[in-house]
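Trainee: I'm new to this structure and would like a close look at a single part of it. Could you walk me through how the helices pack in that part?

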Amino acid sequence: MYYALVDAGPSARPAGFSALLVLLIGLDLLERHIPAAVLLITRTALYIAVNALDGSGVSRVLFVLIPFSAYFTFGRRIAIILGASCAAALPVVFTLRVPGWQTRAEYVSDLVMFALGIVLAITMAAVAVRERQARVRLEQVMHEVEALSAAQERNRLAREIHDSLGHHLTAIAVQLEKATAFAELDPPGARDAVANARWSADQALTEVRHSVRTLGRRPFCLTDALTELIDHLNGDRLTITLNVTGEETGRPPTSLTALYRAAQEALTNTCRHSGAANVHLSLAYDDSGASLTVADDGQGFDLREGFGLRGMRERVAQLGGYLDLASTPAGTTISIRVSW
């Protein structure tokens, strides 16, 4: 718009240019309700219209968004085809509008920079898609860990119910057979057998109720949860170890859950970004609180905090704790402390 005002003065072109940009913004707001193919065609048409009203040529950068957005919806191959088409269309436009552009440095430079922009846009989209796929896979692993933990607990309770209930039912059957056999020969003994059978029935009922209550209110064990998480994340490319000191029993579940979520986030970042081969977790309980350290031998990262680290720090701070982060090219260390 500045170029239009300086070069030609006020006219209808800047107004039309502005109106088309507003339409593009509105299209972004409604994109979830528009079919992907229709959205891509509409955007491309608006990009062409915007460039037709832009005498400066700056707006042609919008075309790099075509392969970028197509990558997420249609995949890598379609994005590359669209990117190559956009890059090939620019010299055609130059040929139609600017005779002899091949010998003018500014147009050749524009073509090279535009092609590089297309390549960078496709590369950025590929990285973003891989990040999203990695997070989805990691979330699936987390769900599998939780489901497996629940299944193991159910199996344990099922074995306990089978063993205890089976024992009591067997005792009841034996005592009732005794009462039947000695009902006439030894009435006092038969009455004792019936009483014993009744006691066994009461014990069986009590143990079943206890098991059902335990199943509905499973206590959270941080050490077991971390062990299960590590077992599922360990692989050929990443070795994770855990060292635990102190006693977990009787600690506040809220603090233990916060440490587990912090460990999840730290391991998520390690798997996604660090390139580490080894990760070591140290968990220590004491009378005043618990400390968790996650150290890897990866390549480090920028200490500017993203949403995950910021949320981790806020969650720990609410429990009167703190989080320290240190990252170098030799690795990253995250230390978390919560108080009871």
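Mentor: Sure, here is a walk along a run of helices, followed by a look at the pocket.

Keep in mind that this is a predicted model. A quick word on the vocabulary: two packed helices are described by the angle between their axes and the distance between the axes.

Let's start with H2, which covers residues 12-29. H2 packs against H3 at an angle of about 160 degrees, and their axes are 9 Å apart. Angles over 145 degrees count as roughly antiparallel, so that is the word for H2 and H3. Their crossing is left-handed. If you want to find the contact on screen, look on the H2 side for Arg13, Gly16, Phe17, Leu20, Leu21, Leu23, Leu24, Leu27 and Asp28. Facing them from H3 are Leu39, Thr42, Arg43, Leu46, Tyr47, Ala49, Val50, Ala52 and Leu53. Sorted by class, the residues of this contact come out as 13 nonpolar, 2 polar and 3 charged.

Now follow H3, residues 36-53, over to its contact with H4, which spans residues 65-74. Here the axes come within 11 Å and cross at roughly 180 degrees. H3 and H4 are therefore roughly antiparallel too. H3 brings Ala36, Ala37, Leu40, Arg43, Thr44 and Tyr47 to this contact, while H4 brings Leu65, Ile66, Ser69, Thr73 and Phe74. The split by class is 7 nonpolar, 3 polar and 1 charged. You may recognise Arg43 and Tyr47: they also take part in the contact with H2.

Next comes H4 against H5, with H5 running over residues 76-97. Their axes are 7 Å apart and the packing angle is about 165 degrees, so this pair is roughly antiparallel as well. The crossing of H4 and H5 is right-handed. From H4, the residues involved are Ile66, Pro67, Ala70, Tyr71 and Phe74, and they meet Arg76, Ile78, Ala79, Leu82, Gly83 and Cys86 of H5. This contact has 9 nonpolar residues, 1 polar and 1 charged.

H5 also leads us to the largest pocket, since H5 gives the most to its lining, with 7 residues. H3 and H6 (105-181) are also among the helices that each supply at least two lining residues. The volume of this pocket is about 670 Å³. Its lining counts 24 residues, and those nearest the centre are Asn51, Arg60, Leu90, Val93 and Arg97. By class, the lining has 14 nonpolar, 5 polar and 5 charged residues.

Conventions
Residues are numbered from 1 along each chain as its sequence is written. This is a predicted model: local features need pLDDT of at least 70, side-chain atom pairs count only at pLDDT 80 or more; totals for chains, interfaces and linings use all residues. Side-chain values use heavy atoms; hydrogens and water are left out. On a 1 Å grid over the protein atoms alone, a cavity is a set of points where a 1.4 Å probe fits but cannot get out, and a pocket is an open set with protein on both sides within 12 Å along at least five of seven lines; lining residues have an atom within 4 Å of a point. Grid points are joined across faces, edges and corners, and a volume is the space filled by probe spheres set on the points. Helices (H or I, at least four residues) and strands (E, at least two) are DSSP runs, numbered from the N terminus. Ala, Val, Leu, Ile, Met, Phe, Trp, Tyr, Cys and Pro count as nonpolar, Asp, Glu, Lys and Arg as charged, and the others, Gly among them, as polar. Axes are lines fitted to C-alpha atoms, for helices over the stretch in contact, and angles run from 0 to 180 degrees between N-to-C directions. Angles under 35 degrees count as roughly parallel, over 145 as roughly antiparallel, 65 to 115 as roughly perpendicular and the rest as oblique. A crossing is left-handed if the near helix is turned anticlockwise from the far one by less than a right angle, and right-handed if clockwise. Contact means heavy atoms within 4.5 Å.
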